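Subject: Structure for you to look at

Dear colleague,

I am passing on the structure we spoke about, and I would be glad if you could look through it alongside the notes below.

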Amino acid sequence: MGIPRAFLTVPRKDAGHRPVEERIHDFSEMEQTLNTKDRQAQASRCMDCGVPFCHWACPLGNKQPEWNDALCKGDWELAYKLLSKTNDFPEFTGRICPALCEKSCVLNLTMGEAVTCRENECAIIERAFQESYIVPDKNIRRNGKKVLVIGAGPAGLAAANQLNHKGFLVTVYEKNEAAGGLVRFGIPNFKLSKSVIDRRIRLMTEEGIVFEYNKTVDYAQLPEGYDAYVIATGTPQARDLKVEGRELKGVYFALEMLSQQNRILAGVSYPPDELVTAKNKRVLVIGGGDTGSDCIGTSHRQGALSVTQIEIMPKPPEGHNPATPWPYWPQILKTTTSHEEGCDRRWLLNTNRFIGKDGVLTGAEVEEVEWIPNPDGGRPTMNPTGKKEIIECDMALLAMGFLKQQLPELPENVFVAGDAASGASLVVRAIASGRDVANKVEKFLK
C-alpha cells in the first residue's frame, strides 16, 4: 500500500463528464479524465484490505489492490501487467462496467466513497496504449489445433484472445459487418467510442486471430475442420411487448434505434423511410435499465422534443436500500448521465396498448399497478389498479431486456460462453465466461 492513511485524507474525486449543454450535440465520449497527479492520488485511497471484497465481487477476479498500489507509486507499466493478467479488455470495462468492485469496496460500505477502481482501470489501459506497453505477440508457439469461435462480442473475443495465446489457431465468425457485439452495436458512442474496439481488433489480428464477417452458422451443421467450437452469440432476441397497436409505425425495439445510430456514425446511410430517429418526436422509453438509459441519451442527441421513461417496478430508494444490504447488489435509484440530460421518469406503470392514427403511433395507454408480496416468499404479484391514462408519444422504444436463446443438444467439443450460456448479463461477466470457456477448451483438447 503506497500511502497507508490516504483514505483518511484524500476524498473520492470522479473525473466527471462534459457539460450537458455541450455533449448532447454530438456522440463523442462524455467521460473526462483526471490528470496524472490526481489519478495517482485516487489510487492511493485503496487500503489494501486484509480481506479485499473487490476481488470477490469482480467476476474477473481483478486484483484491484495490487494495481492500485502500482498506480499510486507511478509504475504504470506494472499496473498494466497486473490488470491485464485477469482482464482481456480493460478499455471496455473501464468505460461501461457498473463496477461491482466499487459496490463492495470497504470504503463504500463504511464511508460511501469507494475507490475509483473503474476510472483507474481505464486510465491504466489508456496509458498502456499511449506508452506502447502493449505490442503484438508474434512469437506464440502453435500447437496445430484449430478452434472456431462463433460470435465476436465480449465473450467470444475473450475466448478467442485466450485460446490464441494458448497456441490454438483461432478463427472468429461474426454475423455482423464488424466485431464487438452489443459493445459495438448496442452501446452508444458517447459511452464508448468504437475506435476503442477497432484498436483492440487490430491487435488481435496482428497476433494471428482470423476474423470473418457476415458469417452465420447453423448449429446443426457446424463448419468442418475445427477441433473445438465456442458459441458466443449472445441473446439476440429482445423481449417484445405483445399488446394492441404493437404493429404501428413508431414502435421499435431499443436496438433498432441504437444499432442504426451506431452504424450511421460508422458511415452507413439509410433511406429516409428506414430511419429510426427521435428528431422532433415525443419519445416514450419502456424499461428502466441501462438500455433504456441509452435510448434516452440517443434521443436527446437526435433532437427529441421530449423523453419519458416508464418502469413497471416500484421506484427504488435513493442512497441505501435496507432490503438489499451487503453483500446483495444494492437496489437503489440509479440516475445516469442520460437522465441528467432531461427525462420524465415514472414508475409502477404497465403498458396496456398503443394508440395510432392512419397506422402511425400517437400515444400509449398505461395503467398504474401495485405489487403484492408473495406469502410464500417468491416473486410478488402484479395487481392492476384500474387507474389508466394516455401518454402522448410519436415514438415508443421497447427496452425490456433480452431472451436467452434455446440451443440444441451440442457435441462434446462445442462450448457455450457469455450471454448465450447465462442469458443477458454484464460485459464483465461475458469476458469472464469467455476466459473460463477457453480454459475448458484447452483442457478438453489436451
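What follows is a short account of the enclosed spaces, one pocket and one surface patch.

Please keep in mind that this is a predicted model. The structure holds 3 cavities of 30 Å³ or more, and the largest of these has a volume of about 110 Å³. Its lining is made up of 18 residues, with C46, C49, C54, C105 and V106 closest to the centre, and by class these lining residues divide into 13 nonpolar, 3 polar and 2 charged. Helices α4, α5 (64–72) and α9 (106–111) each give two or more residues to this lining, the largest share, 3 residues, coming from α5.

The second largest cavity encloses about 100 Å³ and is lined by 14 residues, among which C58, N62, C97, C101 and E121 lie nearest its centre. Here α8 (100–103) and α10 (117–130) are the elements that supply two or more residues, and α10 gives the most, with 3.

Turning to the pockets, the second largest has about 370 Å³ of space; of its 17 lining residues, Y80, S84, N161, H165 and E207 are the closest to the centre, and the lining comprises 7 nonpolar, 5 polar and 5 charged residues.

On the surface, W56, L109 and W326 make a nonpolar patch of about 340 Å². W56, which is found in helix α4 (residues 53–57), counts as exposed because its relative accessible area is 59%, over the 50% cut-off.

With best wishes

How values were computed:
Residues are numbered from 1 along each chain as its sequence is written. This is a predicted model: local features need pLDDT of at least 70, side-chain atom pairs count only at pLDDT 80 or more; totals for chains, interfaces and linings use all residues. Side-chain values use heavy atoms; hydrogens and water are left out. Patches are made of residues with over 30% relative accessible area and no salt bridge: like charges are joined within 9 Å, nonpolar side chains (Val, Leu, Ile, Met, Phe, Trp, Tyr) within 5 Å. Accessible areas come from the Shrake-Rupley method with a 1.4 Å probe; for residues, only the protein chains shown count as cover. A salt bridge is a side-chain nitrogen of Lys or Arg within 4 Å of a carboxyl oxygen of Asp or Glu. Helices (H or I, at least four residues) and strands (E, at least two) are DSSP runs, numbered from the N terminus. Buried means under 20% relative accessible area, exposed over 50%, partly exposed in between (1.4 Å probe, protein chains only). On a 1 Å grid over the protein atoms alone, a cavity is a set of points where a 1.4 Å probe fits but cannot get out, and a pocket is an open set with protein on both sides within 12 Å along at least five of seven lines; lining residues have an atom within 4 Å of a point. Grid points are joined across faces, edges and corners, and a volume is the space filled by probe spheres set on the points. Ala, Val, Leu, Ile, Met, Phe, Trp, Tyr, Cys and Pro count as nonpolar, Asp, Glu, Lys and Arg as charged, and the others, Gly among them, as polar.
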